[in-house]
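Work through the exercises below with the model open. Try each task before reading its solution.

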Amino acid sequence: MIVFGLRATISILTLLTVIGSANAEIAGRALFENDCAACHTLKADAPAKRGPHLEGLFDRRYGAVEGFPYRMVWKKADPVWTDKEIDNYLFVHGRYEAPDRATLIEYLKKATRP
Ligand code: HEC
């Protein structure tokens with residue numbers, strides 16, 4: 001009985017974790033759709049929008065989309081988009097509190113994978 005109870009508890013915890021991460025993905029997608037999708041696509045071959053596509057964003061160099069007319073001068077010692085850099089970019093642009101930035105970044109990590 002005790003063993004059964006423990007197993008049931010463990011599978012409920014597993015289930016909650018799965019639901020939790022699904023919720024985070026839904027929340028991240030909603031942030032992207034609401035606040036970024038007007039200007040950014042997630043795929044390189046999608047029709048161009050006002051901003052550069054974000055496919056392969058993580059570990060991509062700053063301003064690296066071929067043919068996109070970037071206006072900013074990206075001067076950095078280590079000019080590659082990492083979690084930290086994206087978090088900072090969103091922070092500097094006054095986007096969201098830290099937990100929402102983390103949720104969006106987690107979503108982008110999966111969604112921008114080539
Ligand atoms: C109103 C349009 C617009 C919206 C909305 C927008 N962006 Fe952008 N974004 C741009 C433009 C334009 C650039 C290119 C800036 C330049 O010219 O240097 C850019 C650049 C970027 C870059 C750098 C890409 C690279 O190739 O180096 C990232 C990352 C980015 N945006 C993420 C986001 C995220 C995440 C959101 C949503 C929270 C967002 N942007 C919302 C227009 C937008």
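**Exercise 1. Describe the fold and its confidence.**

The protein chain has 3 helices and 0 strands. Helices (H or I, at least four residues) and strands (E, at least two) are DSSP runs, numbered from the N terminus. The order from the N terminus is α-α-α. This is a predicted model: local features need pLDDT of at least 70, side-chain atom pairs count only at pLDDT 80 or more, and totals for chains, interfaces and linings use all residues. Residues are numbered from 1 along each chain as its sequence is written.

Next, check pLDDT, the predictor's confidence in each residue, from 0 to 100. Its mean over the protein chain is 87, with 88% of residues at 70 or more. Helix α1 has the lowest confidence, a mean of 79, and α3 the highest, at 95. Where pLDDT is low, the predicted coordinates should not be read in detail.

**Exercise 2. Find the largest nonpolar core and follow Trp81 out of it.**

Start with burial. A residue is buried if 20 or more other C-beta atoms lie within 10 Å of its own, exposed if 12 or fewer, and partly exposed in between; C-beta atoms are placed from the backbone. Of the 114 residues of the protein chain, 11% count as buried.

Then join the buried residues. A nonpolar core links buried Ala, Val, Leu, Ile, Met, Phe, Trp, Tyr and Cys residues through C-beta atoms within 7 Å. The largest has 8 members: Leu31, Leu42, Leu54, Leu57, Trp81, Leu104, Tyr107 and Leu108. Helix α3 (residues 98-111) gives the largest share of this core, 3 residues.

Now take Trp81. Leaving out residues up to four places away in sequence, Trp81 touches Leu57, Phe58, Asp59, Arg60, Tyr62 and Ile86. Contact means C-beta atoms, placed from the backbone, within 7 Å.

**Exercise 3. Compare the settings of Asp59 and Tyr96.**

Asp59 sits in the loop between α1 (2-35) and α2 (83-92). Its phi is near 75 degrees, positive in a residue other than glycine. Asp59 counts as exposed because it has 8 C-beta neighbours inside 10 Å.

Tyr96 lies in the loop between α2 and α3. Phi of Tyr96 is near 65 degrees, again positive in a residue other than glycine. Tyr96 has 16 C-beta neighbours inside 10 Å, so it counts as partly exposed.

**Exercise 4. Characterise the ligand shell.**

The ligand is surrounded by 20 residues (C-beta atom, placed from the backbone, within 6 Å). The closest are Cys36, Cys39, Gly51, Arg71 and Met72. The shell divides into 13 nonpolar, 3 polar and 4 charged residues. Here Ala, Val, Leu, Ile, Met, Phe, Trp, Tyr, Cys and Pro count as nonpolar, Asp, Glu, Lys and Arg as charged, and the others, Gly among them, as polar.

Methods: Two residues are in contact if their C-beta atoms, placed from the backbone, lie within 7 Å.
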